[in-house]
Amino acid sequence: MSDTSSKKEKKILDRLISFADSFVGLCTVVLISILLIFSLYVLLDMLYSDKAAFSSWDLLQYRPNVEDGSEPSFEELRAINPDVVGWITVYGTNIDYPVLQGKDDLEYISRDVYGDFKLTGSIFLSSENARDFSDSYSLIYGHHMDNGAMFGGLDKYVSQKYMSTHNEGTLITPDGIYRLNIFSSISTDAYEDAIYDVGAKRQSAGFQKLIKFIEENSIAMLSGVDTTSLDKVVALSTCDSDTTNGRLVVMAKVSPADEEYLRSHESEVTEKRVAKGHGKKNPLAVLNIALFIICLILFVIIVTAEIMIRKIKKSERRDENDEKTE
């Protein structure tokens with residue numbers, strides 16, 4: 001009786017151990033699978049965001065064509081999104097995007113021109129500015145992407161040499177075409193009223209304070225610029241990765257663009273934009289690749305081990321049955 005009871009208890013215990021082993025193995029497989037899927041999703045999302053941040057051919061086809069002297073048309077762009085107020089191009093860079101304006105300065109931080117959620121956001125005009133860029137001072141925001149997309153290339157303007165060879169651009173609006181001449185870059189923080197209190201610059205005294213601030217705080221500035229003659233300025237603002245609330249701001253003089261100026265840059269805007277010259281690797285993407293590979297290896301090891309354990313147990317049961325038969 002004692003032997004029979006002991007065998008039953010051992011059998012129950014073996015079943016419990018076997019069940020616990022299978023349960024733990026199943027949970028491990030599920031957990032590894034979740035990590036595998038998540039790391040793959042994040043990796044693909046990063047790769048997509050990196051590429052999608054550049055102005056692609058499907059968006060560039062809506063860029064108003066003004067190089068032939070025609071009037072800019074925003075009909076197609078505004079059919080996509082009525083918040084489009086212009087198109088900004090800085091020649092020789094990847095800045096070639098529509099400019100939007102939301103009801104506040106948070107609307108397009110993480111939303112693209114199609115209205116879809118995207119971490120890269122959009123290039124957008126301060127909600128305090130006039131939509132037609134008639135203000136003496138207009139502030140345009142854009143994310144600093146490590147691969148140079150959006151306003152990720154603005155950090156190159158800390159070099160006066162770079163600024164001297166990449167200082168021309170165009171701002172196209174439904175009401176006019178403007179020439180941009182970049183002349184200054186400033187490193188500041190997000191709380192600097194001289195830059196970010198847009199409303200105060202609408203008065204003449206506020207605009208003059210801005211000019212003085214530029215003169216005193218520029219880290220790079222083109223020589224020969226007569227700041228006293230400035231009557232309209234556009235600021236391009238992005239994050240400065242060196243400090244938490246740091247901002248890098250590039251200033252551009254605004255003036256009407258004539259046909260000769262537009263023709264001189266015609267070849268630069270007719271070719272499709274591609275990402276070039278941005279070899280920085282995203283460390284998070286590299287980490288994700290490593291995580292993905294580790295999870296994949298663990299997944300294969302666990303599944304293989306589980307299959308082998310099941311085969312061994314099946315073989316042991318077969319041997320037990322053979323012994324009982326004998």
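1. A residue counts as buried when its relative accessible area is under 20%. By that rule, Tyr-141 and Tyr-196 are both buried. The model discussed here is a predicted one, and the points below start from this pair of tyrosines.

2. A search through the whole structure gives four aromatic pairs. In one of them, Tyr-141 and Tyr-196 are stacked, with ring centres 6.2 Å apart and 15 degrees between the planes. The two partners come from distant parts of the chain: Tyr-141 belongs to strand β4 and Tyr-196 to helix α5 (residues 193-196), with their positions 55 residues apart. A further ring takes part here, since Phe-124, Tyr-141 and Tyr-196 are linked by ring pairs into a cluster.

3. Tyr-141 and Tyr-196, as said, are buried. The pair of Tyr-157 and Tyr-162 has another geometry: the planes stand at 85 degrees with the centres 5.1 Å apart, so the pair is edge-to-face. Tyr-157 and Tyr-162 are buried too.

4. On the chain as a whole: nine helices and nine strands are present. Of the 326 residues, 41% are buried. Of the contacts between residues at least 6 apart in sequence, 65% join residues at least 24 apart. The exposed area is about 18,700 Å², and carbon and sulfur atoms supply 57% of it.

5. Where does Thr-238 sit? Thr-238 is part of strand β8, which runs over residues 233-239. Its relative accessible area is 2%, so Thr-238 is buried. A polar atom of the Thr-238 side chain lies 3.1 Å from the backbone nitrogen of His-144. Setting aside neighbours within four places in sequence, Thr-238 is in contact with eight residues named here in two groups: Gly-142, His-143, His-144, Phe-151 and Leu-154, and then Gly-246, Arg-247 and Leu-248.

6. Asn-129 lies in a loop, the one between β3 (123-125) and β4 (137-141). Is Asn-129 buried or exposed? Its relative accessibility is 5%, so Asn-129 counts as buried despite the loop position. The Asn-129 side chain reaches the backbone oxygen of Tyr-137 at 2.8 Å. Tyr-137 is also one of the residues that Asn-129 touches, not counting those up to four places away in sequence; the others are Gln-101, Asp-135, Ser-138, Leu-139, Val-198 and Arg-202.

7. Two residues deserve a check of their backbone angles. Most residues other than glycine have a negative phi. Phe-133, which is not a glycine, has a positive phi of about 60 degrees. Phe-133 is in the loop between β3 and β4, and with a relative accessible area of 2% Phe-133 is buried. Met-150 is the other case, with a positive phi near 50 degrees. Met-150 is placed in the loop between β4 and α4 (160-165). At 4% relative accessibility, Met-150 counts as buried.

8. The surface also has a nonpolar patch, formed by Ile-293, Ile-294, Ile-297, Leu-298 and Ile-301. Together these residues have about 450 Å² of accessible area. One of them, Ile-294, is found in helix α9, which covers residues 283-325. Why does Ile-294 count as partly exposed? The partly exposed class lies between the 20% and 50% limits, and Ile-294 falls into that class because its relative accessibility is 49%.

Terms used:
Residues are numbered from 1 along each chain as its sequence is written. This is a predicted model: local features need pLDDT of at least 70, side-chain atom pairs count only at pLDDT 80 or more; totals for chains, interfaces and linings use all residues. Side-chain values use heavy atoms; hydrogens and water are left out. Helices (H or I, at least four residues) and strands (E, at least two) are DSSP runs, numbered from the N terminus. Buried means under 20% relative accessible area, exposed over 50%, partly exposed in between (1.4 Å probe, protein chains only). Contact means heavy atoms within 4.5 Å. Accessible areas come from the Shrake-Rupley method with a 1.4 Å probe; for residues, only the protein chains shown count as cover. A polar contact is a pair of N or O atoms within 3.5 Å; within protein, one must be able to donate a hydrogen and the other to accept it, and residues adjacent in sequence count only if both atoms are side-chain atoms. Patches are made of residues with over 30% relative accessible area and no salt bridge: like charges are joined within 9 Å, nonpolar side chains (Val, Leu, Ile, Met, Phe, Trp, Tyr) within 5 Å. A salt bridge is a side-chain nitrogen of Lys or Arg within 4 Å of a carboxyl oxygen of Asp or Glu. Rings of Phe, Tyr and Trp (its six-membered ring) pair if their centres lie within 6.5 Å; planes under 30 degrees apart count as stacked, over 60 as edge-to-face and the rest as tilted.
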